[in-house]
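Subject: The structure we talked about

Hi,

Here is the structure I promised to pass on. Please have a look at it, and below it you will find my notes on what turned up.

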Amino acid sequence: MKYILVTGGVISGIGKGIIASSVGTILKSCGLHVTAIKIDPYINIDAGTFSPYEHVVPHITDAIQEWVMRQARISVDDDGVEPQVCVIELGGTVGDIESMPFIEAFRQFQFKVKRENFCNIHVSLIPQPNTTGEQKTKPTQNSVRELRGLGLSPDLIMCRCSTPLETAVKEKISMFCHVEPTQVICVQDVSSVYRVPLLLEDQGVVSYFCQRLNLPVGIRPRKMLEIVFLLSDRLLEHVSIALVGKYTKLADSYTSVIKALEHSALAINHKLEVKYIDSADLEPTTLQDEPVKYHEAWQKLCSSQGVLVPGGFGVRGTEGKILAINWARKQNKPFLDANSTEFNPESEHPVVIDMPEHNPGQMGGTMRLGKRQTIFRSIPSVLRKLYGNVDYVDERHRHRFEVNPELKHHFENKGLQFVGQDVEGERMEVIELEDHCYFVGVQYHPEFTSRPIKPSPPYFGLLLAAAGKLQSYLNKGCRLSPR
């Protein structure tokens, strides 16, 4: 097993995730089996459960190493083959107090797995103040010095910068950070993240990994990477989606959702426009307090070609539960006070309820979490067709609440069909509204399995419907035109 650790310095949000995924992408394009681990460096542990003979160090660092080695060997490909390379992104910034146990764990880890099986990519910022226009290396020097002081020496320094690195700057980083100039990689701002893998490959990253880690790589195909980039860079038609949620002031909150929308837009040759709408701005109280904000929000919503309420595609999470609740209330009696037990435990008509295994008040480890199977029922379903008319799908879940199964017949009598259920038939997983071009809700998170060349079917259906192409796509047997 080969391990590639990605660390970051100077500031957070610098692009470690993009670098890690780009490295994984180019190695996969070389025919290698690659997996990835994202570590958020936070420790939640109860010291009161320790034995008097136990101590956090070295047990915590040993536990981190054992966990990484165990997770790295789990196959993530359909063929079930064990990965050959594991790309590990360590969140946060070098020097953060919460990441210290993880840095120490990887300091030990490099000797456990041997040098030929471990390398470190350090992602750092090269600021360029407007006053001088000069690319500054001091933050990177300090960051690398701190990393080396903690026992890790970067093999590649990937410099995030607004413009390409000047040769003199690259040589300066090489000299003061104890690496060869070829080990200083420029990752300047680009028009699309899909250009980053090509940017890295052009600077010899694959060749370096082959030599440093002795990877069994022959010919390095670029065709798929180039196709994705060229497609994303030459889109002319636009499609607009309104994203209605609680956390729209921070776009990163919905990164996975946005990427899934982009993948689907790319598949139909459209450029995506996302209109962020705070769900609170659509409320009647906003009309009274801030009418301008209220009307602007509704104008954005009504001018969009599609509407997405994240948090599961419709009935997972706070925003998603509102979809089911509001629909129930619109049916008039007997659901005028329809609600969620999360909002009102005393509701006479709880449309959304706690799962039986969820212990209210205990927030840790009580979710229905991970990959679960959803069985399609033998009734007409647009989403089933989009999945390829399969009998079931495996998708990732993360929720504590569900639509009340006792009200299933009330919903279906009004045309809201539960077309997908869990294996036991107890949980309502997929809903569709009859006689609607595309009104779909799912209990799981389809965005987590979306890929640039294999978009998630629920999101793909939304983009097709928004662009007016869904019915044509279904009539052609779920095939796009050759263009």
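Let me start with Pro446, which is buried, with a relative accessible area of 0%. Please keep in mind throughout that this is a predicted model. Pro446 sits in the loop that runs between β17 (440-442) and α15 (457-466). Along the sequence, Pro446 and Ala260 are 186 residues apart, yet their C-alpha atoms are 8.4 Å apart in space.

**The sheet and its helices**

Next, a sheet you can pick out by its strands. It is open, has three strands in the order β8-β7-β9, and its pairing is parallel. The edges are formed by β8 (270-278) and β9 (306-308), each of which pairs on one side only. On average, neighbouring strands in this sheet are turned by 30° against each other, if direction is ignored.

For the contact between β7 (residues 237-245) and β9, the model gives three bridges in the parallel sense. If you would like a spot to zoom in on, take Ile241, whose bridge partner in β9 is Gly306.

Two helices are worth viewing together with these strands. Helix α11 (residues 291-302) lies across β7, β8 and β9, and runs at about 150° to β8. Helix α15 also lies across β7, β8 and β9, and runs at about 125° to β7. You have already met α15 above, as one end of the loop that holds Pro446.

**Cysteines**

How many disulfides does a search of the whole structure find? The result is zero. Cys177 is in no disulfide, and the nearest cysteine sulfur, which belongs to Cys159, is 7.9 Å away. Cys177 is also buried, at a relative accessible area of 1%.

Cys186 is in no disulfide either, with the sulfur of Cys161 as its nearest cysteine sulfur at 3.7 Å. A disulfide is counted when the two sulfur atoms are within 2.5 Å, so this pair does not qualify. Cys186 counts as buried too, with 6% relative accessibility.

**Aromatic pairs**

On to the rings. Searching the whole structure gives seven aromatic pairs. One of them is Phe376 with Tyr387, a tilted pair with 5.9 Å from centre to centre and 50° between the planes. Phe376 belongs to strand β12 (residues 368-376), while Tyr387 is in the loop between α13 (382-386) and β13 (392-399), so this pair ties together parts that are eleven residues apart in sequence. Phe376 and Tyr387 are both buried.

Another pair is made by Phe460 and Tyr473, and this one is edge-to-face: the centres are 5.3 Å apart and the planes are at 90°. It links distant parts of the chain, 13 residues apart, with Phe460 in helix α15 and Tyr473 in helix α16 (residues 470-475). Are these two rings buried or exposed? Phe460 is buried, with a relative accessible area of 7%, and Tyr473 counts as buried at 10% relative accessibility. Since α15 is also the helix that lies across β7, β8 and β9, you can find Phe460 by starting from the sheet and following that helix.

Finally, there is a cluster of rings: Tyr3, Phe106, Phe109 and Phe118 are linked by ring pairs.

That is my tour for now. Happy viewing, and do write back with any questions.

Best wishes

Conventions
Residues numbered from 1 in each chain as written. Predicted model: local features only at pLDDT ≥ 70, side-chain atom pairs only at ≥ 80, totals over all residues. Heavy atoms only, no water. Helix = DSSP H or I, 4+ residues; strand = E, 2+ residues; numbered from the N terminus. Buried < 20%, exposed > 50% of the residue type's maximum accessible area, 1.4 Å probe, protein only. Pairing = 2+ DSSP bridges. Axes fitted to C-alpha atoms, helices over the stretch in contact; angles between N-to-C directions. Contact = heavy atoms within 4.5 Å. Phe/Tyr/Trp six-rings, centres within 6.5 Å; stacked < 30°, edge-to-face > 60°.
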